[in-house]
Structures are given as C-alpha cells and as structure tokens.
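Dear colleague,

Please find below the structure that I am handing over to you, together with its sequence. My account of what was found in it follows directly after.

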Amino acid sequence: SEIMKNRILLVEDDSTLSMIISETLQRDGFEVMTAGNGEDGFQKFAKHGADLIVADVMMPRMDGFEMGRKIRQISRGVPLLFLTAKSEIENIVEGFELGGNDYLKKPFKMLELIVRIKALLRRNLREEEHRHKIGKYVLDMTAQTLSYLDKETVELSLIEAKLLQELVSNQGRTVDASALMILIWQRDDPYSRNSLHGFIHKLRHYLRHDASLLLINQRGIGYILTVKQ
C-alpha cells in the first residue's frame, strides 16, 4: 500500500527560494503545496489542509503572522514553522504568541529545515495519540477536555476522561460494566456500580450537542457508544 506522504504547505513569496525548498522537501519524500502570499496560503490550507505549514513572515497581501492567526482560528493543531529574515526578538515572540511552533532565521541550511520539520511532525503525531474524535467532539486526554466544534470546551475529571476514552476506543462495541469499574476503581461492587451509572449520566449530558452520538446502557451487561450514520 502507498505510504501516506506528509503534505507540507510552503508559503514563501521569493519564488527561487520557494523552488529550492520545494524540491529539497520532495526529494525527502514530502508532498509539497506552495503559495506566494499569506492570502493564497490561507485559501489553500482552508481548501486542501496540510500536515505542516512553513511560512515566511514578510510577504505581500497578507504576512505570515496574519495568515497564522487565521489558520489558528480553523486549526489549533497544525504545526506552524516561521521563516524569518529579521532577527528581532519581538518578531519571534509574536510568532509564538499567535500559535507558531518553531522558527528558523534566514539564511538557513536545508538540512536544518528538514530536521525541524520532522521533529514537529513527530511531536504532533504523539499529541494526536492523546486526541480522540467522537462525532463533532474531540477528547483531549492530555488537557483532560472535551471540545465541541471549538465552540464549547468542558473540563473533565480524570474519571470522566478515562471512562470516555475507554468507550471511544471501543466505539460501536459493548464495554463490560465490570471491566469499566475495575479500570477506574479496581473493584466491582454495588457502590462502584452506582457511581459508574452517575458518571455515564454526566457523559451523556456532555455529549448532548451531537444528536448522532448515542451512549446506550445495555442492562446487566455494560455500555456502548455509537455514532448514528
């Protein structure tokens, strides 16, 4: 099977530099999409998505920072690496404040750019493992939060987060009530059973905004989380 190539969006107004970076990344096995200004870069990201964005800061029509701000409104997770010709520290600070993940000062060696890109992609992959999509929700185990379409975020207790993670990992399959109690409290007894029931009730309340999600109680057996098609 074809290995999925990581897609990189390169936003750089210097066409010669853009071509050199682009060719280097392609030789290294990346798929590259290019844009010549921030406006074009934002449109391409909104339409095609990307696994990582490399963006120059100083660009016509919309600079890299402004583009980064707009991208962060629609994607909190995509890694963003800024290329900056200016070494002024406040620039770099601004880049991090708007959600940049790394920066590289021009001129730079291509090898360094590739090393930085691979490190960011690896870090993002690790973070993705802590994030679970459930219908229109995202469960983030690191932050212990449940977010609905970026509109509402609920902070979960550790027990709620662990329960939900177990149900999500077994989506569409019944999870034995006894197994859930042992996972959380290391025991299966009537007191734990009542607690579990209470927690399930809370999780249903948290998931109420997405009508396609069902958290079903299978009497005497356990619980199942399903997504109606």
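R69 and E94 form a salt bridge, in which the closest N and O atoms are 2.8 Å apart. Because R69 belongs to helix α3 and E94 to helix α4 (residues 89-97), this pair ties together parts that are 25 residues apart in sequence. R69 is partly exposed, with a relative accessible area of 34%. E94 also counts as partly exposed, at 30% relative accessibility. Please bear in mind throughout that this is a predicted model.

**Salt bridges around K106**

The search of the whole structure gave 14 salt bridges. One of them brings together the side chains of E12 and K106, at 3.1 Å from N to O. This pair links distant parts of the chain, 94 residues apart: E12 sits in the loop between β1 (7-11) and α1 (15-27), and K106 in the loop between β5 (102-105) and α5 (110-128). E12 is buried, with a relative accessible area of 2%, whereas K106 is partly exposed, at 24%.

K106 has a further salt bridge with D56, where the closest N and O atoms are 3.1 Å apart. Since D56 is in strand β3 and K106 in the loop between β5 and α5, the pair ties together parts that are 50 residues apart in sequence. D56 is buried; its relative accessible area is 4%, which falls under the 20% limit. Through shared partners, salt bridges join E12, D56 and K106 into one network.

K106 also takes part in a cis peptide bond, which joins this residue to P107 with omega at about -5°. P107 is placed in the loop between β5 and α5. For context, most peptide bonds are trans.

**The loop after β3**

P60 is located in the loop between β3 (52-56) and α3 (64-74). P60 is partly exposed, with a relative accessible area of 42%. Leaving aside its neighbours within four places in sequence, P60 is in contact with D13, G36, N37 and G38. The C-alpha atoms of P60 and E12 are separated by 9.8 Å, while the two residues are 48 residues apart along the chain.

R61 is found in the loop between β3 and α3 as well. Its phi is near 65°, a positive value in a residue other than glycine. R61 counts as exposed because its relative accessible area, 59%, is over 50%.

Q144 likewise has a positive phi in a residue other than glycine, near 55°. Q144 lies in the loop between β7 (137-140) and β8 (145-148). At 25% relative accessibility, Q144 is partly exposed. As background to these phi values, most residues other than glycine have a negative phi.

**The sheet of β10, β12 and β11**

Three strands form an open, antiparallel sheet in the order β10-β12-β11. Its edge strands are β10 (175-176) and β11 (213-218), each of which pairs on one side only. Strand β10 runs antiparallel to β12 (residues 222-227) and is joined to it by two bridges. In this pairing, V175 stands opposite Y223 in β12. Helix α8 (residues 190-206) packs on the sheet, where it touches β11 and β12. The direction of α8 makes about 160° with that of β11.

**The second largest pocket**

Which elements give two or more residues to the lining of the second largest pocket? They are α8, β11 and β12. The largest share of this lining comes from α8, with four residues. The lining residues are A177, R193, N194, L196, H197, N217, Q218, R219, G220, I221, G222 and Y223. The volume of this pocket is about 160 Å³. Y223, listed here in the lining, is also the residue that stands opposite V175.

**Where to begin**

As you open the model, you may wish to display K106 together with its salt-bridge partners E12 and D56, and with P107 across the cis peptide bond. The second view to prepare is α8 packed on the sheet, with the residues of the second largest pocket shown, including R193, H197 and Y223.

With kind regards

Conventions. Residues numbered from 1 in each chain as written. Predicted model: local features only at pLDDT ≥ 70, side-chain atom pairs only at ≥ 80, totals over all residues. Heavy atoms only, no water. Buried < 20%, exposed > 50% of the residue type's maximum accessible area, 1.4 Å probe, protein only. Contact = heavy atoms within 4.5 Å. Salt bridge = Lys/Arg side-chain N within 4 Å of Asp/Glu carboxyl O. Pairing = 2+ DSSP bridges. Axes fitted to C-alpha atoms, helices over the stretch in contact; angles between N-to-C directions. 1 Å grid on protein atoms, 1.4 Å probe; cavity = no way out; pocket = protein on both sides within 12 Å on 5 of 7 lines; lining within 4 Å. Points joined across faces, edges and corners; volume = space filled by probe spheres on them.
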